[in-house]
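Here's a quick walk through a two-part model, chain by chain and then across the contact. Have the viewer open and follow along.

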Amino acid sequence: MTTTVHTATGDAETMVLNMGPQHPSTHGVLRVLLELDGETVVKAQPDIGYLHTGIEKSCEAKTYTQAITLTDRIDYLAPLSNNLCYCLAVEKLLGLELPKRAQYIRVLLTELTRIASHLVWLGTHAIDLGAMSMFLYCFREREEILKIFEMVSGQRMMTSYFRIGGLALEPPPAWLDRVERFVQMFPGRIREYEDLLTQNRIWLGRTQGVGVISAEDAIAYGLSGPSLRGSGVAYDIRRTFPYSSYDEFEFDVCTQSAGDCYARYLVRVAEMRESLKIIRQAMQKIPPEGPIRSEAPGIVPPSREEMKTSIEGLIYHFKIFTEGFAAPPGEVQAAVESPRGELAVYVASDGSPKPWRVKFRTPSFVNLQALPKLCEGRLIADVVACIGTIDIVLGEIDR
Amino acid sequence: MTEPQEVENHAVVRQLRAWDPQAIEEALLFRGELTLVIPRAHLHRAAEFLRGEPELAFTYLCDVTGVDRFPIEPRFEVNYHLVSMARRERLRLKVRADGANPVVETVTPVWPTANWHEREVFDLFGVRFDGHPDLRRILLPENWEGHPLRKDYPVEGYR
């Protein structure tokens, strides 16, 4: 495992150090085997699987609707993104068209999720690098978003709010006022974060020139999201392969060209502002009334009233909740831009009410592969910066 | 499913057939997605062609997914999801392998990101990737026996 290094004072052996799986800076149960020559990292090898719970296997044993609750737990900092991607895949398989109102509400909540996820990223990345007060401020703002989720779905995090064909529940009447309050309050907070970090000498010292990856390498390694856009590649699924009415919204794809940790920081902060832009547009577009689910008897459950007053409603309700609905045989893949990058769900159906195979292509799994490239040859403290800058969530990596 | 003619007229299908008539075993278009079934022996060359040809430019490998079709033979399918960012197009390549001794050639020389994806398919399905630089389990411990995502492996309980 160790190698001999030729130093100025003679030959020496490298030292292998274990970082994790329990470590505050690995953001979860990640183990990184570090081969060190003094403080320089000769080799960094991530070892994953400590959070593997067999989500994909479990999905095969559940009906399509039951599997939605499993998807929340994959990227647990952006649960609505996972819900959305899975629902889009199954809706594509079924050939369902969603009403615009459901699509706009999905966009609004997904962008709030993006902001919440970036806030966690910023708070934890900053505290790892020593800027400890950022953690408190970011989580304070995130509280407001979690309160909005709780108002709408009853759950702060694992909402399972998006369902096959639309939304689970009608949002309460005053929810957009809550969102408006957040949208008014947040831009000032982003300015505060930038005041603390963007021109800060220590921040610049810890992030500029650290963890550099070129655009070609980033594409070859399959990076996506801010990790790819920080190297100059303008690939954003919302723009390149629009879904769920994103083509009706105006927003910029944020890129930087340096490809280092600082560039990725700037991209994510800019993305928070773009998300606010999208949220404002969505608030204008959402009609105050209208259906929140497609009309698809046999797939989308009937309303409670219909279930109680008509025999067809009762029969559909019974069949959907006991047996589930059968999807046509075939396979599809739906991709969304999650806060970490390209999240793609592949569903293969054999014509039964349970999926035959569900695969979650998660951005953190793929992005983590580039960790050795980012931090080999650098100091051990840069490993912490590199792990933070890729923005990993172990639930997503291990599933 | 769409008309065979529509599939044959698809730009990617035409270019691949023009390059090598044997390259495509089957081509399907379902819900707007093109799936090409490729014979195992042609995988590496087809991968290089799809990435390198400027009219195709599938430079981004999004995902490598295994599927167990037990008891249908050939039992295992390995799906490669490719993206051409420049041409805004997605493609699925499918390769089939027998249940008895599933071996597929690695595509890591073409798309380095395939490294961990192939390790995962090996870990969970037992499909070996010929030529892979580091083929070992990735999610499960090294001494784990069995391949959990196979259909004859139980969801819960003892084996």
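What follows is a short tour of a predicted model, starting with the overall build of each chain.

## Chain A at a glance

Chain A carries 17 helices and 10 strands. Its C-alpha trace spans about 85 × 45 × 35 Å along the principal axes. How does the radius of gyration sit with a compact globule? For 399 residues the rule gives a value near 21 Å, and chain A comes in at 22 Å, so the two agree.

Burial is easy to summarise here: 51% of the 399 residues in chain A count as buried. As for sequence separation, take the contacts in chain A between residues at least 6 apart in sequence; 68% of them join residues at least 24 apart.

## A three-stranded sheet and the helix across it

One piece of chain A to pull up is an open sheet of 3 strands, ordered 3-4-5 and paired antiparallel. Strand 3 (15-19) and strand 5 (40-47) of chain A are the edges, each pairing on one side only. From one strand to the next, the twist averages 20°. Strand 4 (residues 31-37) and strand 5 of chain A pair over 7 bridges in the antiparallel sense. If you'd like a spot to check the register, A:Asp37 stands opposite A:Thr40, which belongs to strand 5 of chain A.

Which helix lies across these strands? That would be helix 16 (residues 380-390) of chain A, which crosses strand 3, strand 4 and strand 5 of chain A and runs at about 150° to strand 4.

## The nonpolar core

The largest nonpolar core has 153 residues, and those with the most contacts inside it are A:Ala89, A:Val90, A:Val345 and A:Val383. Helix 4 (residues 100-128) of chain A supplies the largest share of this core, 13 residues.

A:Val383 is a good one to click on. Leaving aside residues up to four places away in sequence, A:Val383 touches A:Met19, A:Val32, A:Leu34, A:Val41, A:Ala44 and A:Cys375.

## Chain B at a glance

Chain B has 4 helices and 7 strands. Along the sequence the pattern reads α-α-β-β-α-β-β-β-β-α-β. The C-alpha atoms of chain B fill a box of roughly 50 × 30 × 25 Å along the principal axes. A compact globule of 159 residues would have a radius of gyration near 15 Å; chain B has 16 Å, so that agrees too.

Buried residues account for 39% of the 159 in chain B. Of the contacts in chain B between residues at least 6 apart in sequence, 48% join residues at least 24 apart.

For a look at a loop, try B:Pro71, which lies between strand 3 and strand 4 (76-84) of chain B. Is B:Pro71 buried or exposed? With 9 C-beta neighbours inside 10 Å, B:Pro71 counts as exposed. B:Pro71 and B:Asp152 are 81 residues apart in sequence, yet their C-alpha atoms are 9.6 Å apart in space.

## Where the chains meet

The contact takes 24 residues from chain B and 32 residues from chain A. On the chain B side, the elements giving two or more residues are strand 3 (60-68) and helix 4 (114-125) of chain B. Strand 3 of chain B gives the most, with 6 residues.

What classes of residue make up the side of chain B that touches chain A? There are 15 nonpolar, 5 polar and 4 charged residues.

Methods. Residues are numbered from 1 along each chain as its sequence is written. Chains are lettered from A and ligands numbered from 1 in the order in which they are written. This is a predicted model: local features need pLDDT of at least 70, side-chain atom pairs count only at pLDDT 80 or more; totals for chains, interfaces and linings use all residues. Two strands pair if DSSP finds at least two bridges between them. Axes are lines fitted to C-alpha atoms, for helices over the stretch in contact, and angles run from 0 to 180 degrees between N-to-C directions. Two residues are in contact if their C-beta atoms, placed from the backbone, lie within 7 Å. The radius of gyration is taken over C-alpha atoms; the globule rule is 2.2 Å times the number of residues to the power 0.38. A residue is buried if 20 or more other C-beta atoms lie within 10 Å of its own, exposed if 12 or fewer, and partly exposed in between; C-beta atoms are placed from the backbone. Ala, Val, Leu, Ile, Met, Phe, Trp, Tyr, Cys and Pro count as nonpolar, Asp, Glu, Lys and Arg as charged, and the others, Gly among them, as polar. A nonpolar core is a set of buried Ala, Val, Leu, Ile, Met, Phe, Trp, Tyr and Cys residues joined through C-beta atoms within 7 Å.
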